[in-house]
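Work through these exercises with the model open beside you. Try each task before you read its solution.

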Amino acid sequence: MELAEENEGNKDIIRPQCFKAIEELLEETGAGSDYRIDHTLYQACEPVVQTVCKDKGKKEGDVMILSCLMENLHTDNMIPECEEQLLHLEFFIARDFTLDPQLQKACKNDANAICQAPSLEDQDTYPVSLVISCLYRHIVLETQTKVSPKCAAHVQRVMHQRAVDVHLMPEIQHACIQDLGKHCSDQVEKGKEIQCLQDKFDNLTTTCSEAISQFTEEEGEDYKLDRTLVRACSGMLTKFCEDIVAQGNTEGVLPCLVEHKNDQGMDEKCHASIEHWQLVEMKDFKFSPEFKKSCRKDATKYCHDVKNK
């Protein structure tokens with residue numbers, strides 16, 4: 001699995017048939033729904049499970065333990081051995097709808113009706129990353145076509161989990177492979193590659209810029225996609241924005257944090273994450289939901305020749 005992950009797309013090392021065989025094996029064994037099936041993963045992650053995910057499994061079943069582990073990726077609760085094995089498995093799950101049985105069951109009809117995905121099993125015709133992105137856009141951007149609540153919950157779960165690592169977002173990894181090597185390979189902390197690409201937004205290749213632009217626009221609508229900010233500001237959300245979070249107003253969380261960023265008691269790391277978002281937000285009017293809604297027509301009319309800002 002590790003070799004396949006490192007050489008995705010390199011047919012001289014890993015043939016597509018082999019890559020597909022790994023996906024089929026994971027599907028047949030049910031590894032995407034029960035962390036215990038992969039013995040190496042089980043041994044590596046059992047200490048983390050017992051520490052932070054044990055109750056999750058009791059309440060919601062073993063299928064949610066993988067979700068719990070992903071939520072704790074790149075946190076102090078995670079250990080290196082578990083992180084390594086978990087990312088190997090999630091790398092394949094991020095590329096194949098069928099390896100996440102809950103997502104597949106909840107979203108099969110929506111994927112077909114809304115995104116015209118002919119078959120979730122036919123990854124060659126319609127890659128899973130495109131299906132997830134399509135469904136997510138219809139959720140956060142409030143289009144006329146509505147995603148069913150059950151599917152929406154699972155799509156948001158998957159998107160939030162995938163946002164912890166660029167390798168779990170094939171639509172960005174593939175589009176930005178050159179940019180990651182050029183701008184974000186050295187001295188970039190693991191899990192902060194997206195943040196690095198956003199910082200270098202004006203210098204990205206066209207394909208990467210488009211992918212990062214779409215992700216950042218979605219991030220403005222749903223703060224939970226910014227995993228660095230979520231980790232840094234979890235306590236501050238309770239302190240300053242509890243009512244907004246309780247209302248489920250994901251779009252209102254970032255403006256709330258910005259409003260309170262200089263208040264007494266604001267955490268230093270959270271303050272830095274807020275300022276990073278403000279700098280990113282200035283790169284394109286679409287990254288600010290409020291500004292976008294208020295000024296899209298005017299920007300299109302009067303500033304159509306301006307690339308960004």
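**Exercise 1: Helix α13**

Task: check whether the length of helix α13, residues 227-240, agrees with the span expected for its 14 residues.

Solution. Start with the expected value: at 1.5 Å a residue, α13 should span 20 Å. Next take the end C-alpha atoms, which are 19 Å apart. The two values agree. Keep in mind that this is a predicted model.

Task: find where α13 bends, and by how much.

Solution. Go to Cys233. There α13 bends by about 65°.

Task: list the buried residues of α13 and say what covers them.

Solution. Step one is the list: Arg227, Thr228, Leu229, Val230, Ala232, Cys233, Met236, Leu237 and Phe240 are buried. Cys233, the site of the bend, is on that list. Step two is the cover. It includes α8 (149-162), α11 (193-199), α14 (242-246), α15 (250-260) and α16 (268-281).

**Exercise 2: Two helices against α15**

Task: work out how α13 is oriented relative to α15.

Solution. The axes of α13 and α15 cross at roughly 75° and come within 11 Å. Angles of 65 to 115 degrees count as roughly perpendicular. Therefore α13 is roughly perpendicular to α15. Now look at the residues that meet. From α13 come Leu229, Cys233, Met236, Leu237 and Phe240; from α15 come Val253, Leu254, Cys256, Leu257 and His260.

Task: do the same for α12 and α15.

Solution. The packing angle of α12 and α15 is about 85°, and their axes are 6 Å apart. So α12 is roughly perpendicular to α15. On the α12 side, Glu219, Gly220 and Glu221 make the contact. They meet Thr250, Glu251 and Leu254 of α15. Leu254 thus meets residues of α12 and is also listed among the α15 residues that meet α13.

**Exercise 3: Aromatic pairs**

Task: count the aromatic pairs, then describe the one formed by Phe91 and Phe92.

Solution. The structure has 3 aromatic pairs. In the pair of Phe91 and Phe92, the ring centres are 5.3 Å apart and the planes make an angle of 80°. Planes over 60 degrees apart count as edge-to-face, and this pair is edge-to-face. Are these rings buried or exposed? Phe91 has 1% relative accessibility, so it counts as buried. Phe92 is buried because its relative accessible area is 0%.

Task: describe the pair of Phe201 and Phe287, and place both residues in the chain.

Solution. This pair is edge-to-face, at 5.6 Å centre to centre and 75° between the planes. Phe201 sits in the loop between α11 and α12 (206-221), and Phe287 in the loop between α16 and α17 (289-302). They are 86 residues apart, and the pair links distant parts of the chain. Phe201 is buried at 6% relative accessible area. Phe287 is buried at 1%.

**Exercise 4: Two buried side chains**

Task: locate Leu103 and name its contacts beyond four places in sequence.

Solution. Leu103 lies in helix α6, residues 101-115. Its relative accessible area is 3%, so Leu103 is buried. Its contacts are Phe97, Ile132, His154, Val155, Arg157 and Val158.

Task: repeat this for His276.

Solution. His276 is in helix α16. At 10% relative accessible area, His276 is buried. Setting aside residues up to four places away in sequence, His276 touches Gln195, Gln198 and Asp199.

Terms used: Residues numbered from 1 in each chain as written. Predicted model: local features only at pLDDT ≥ 70, side-chain atom pairs only at ≥ 80, totals over all residues. Heavy atoms only, no water. Expected span 1.5 Å × (residues − 1). Bend = angle between axes of the 7 residues up to and from the residue. Buried < 20%, exposed > 50% of the residue type's maximum accessible area, 1.4 Å probe, protein only. Contact = heavy atoms within 4.5 Å. Phe/Tyr/Trp six-rings, centres within 6.5 Å; stacked < 30°, edge-to-face > 60°. Axes fitted to C-alpha atoms, helices over the stretch in contact; angles between N-to-C directions. Parallel < 35°, antiparallel > 145°, perpendicular 65-115°, else oblique.
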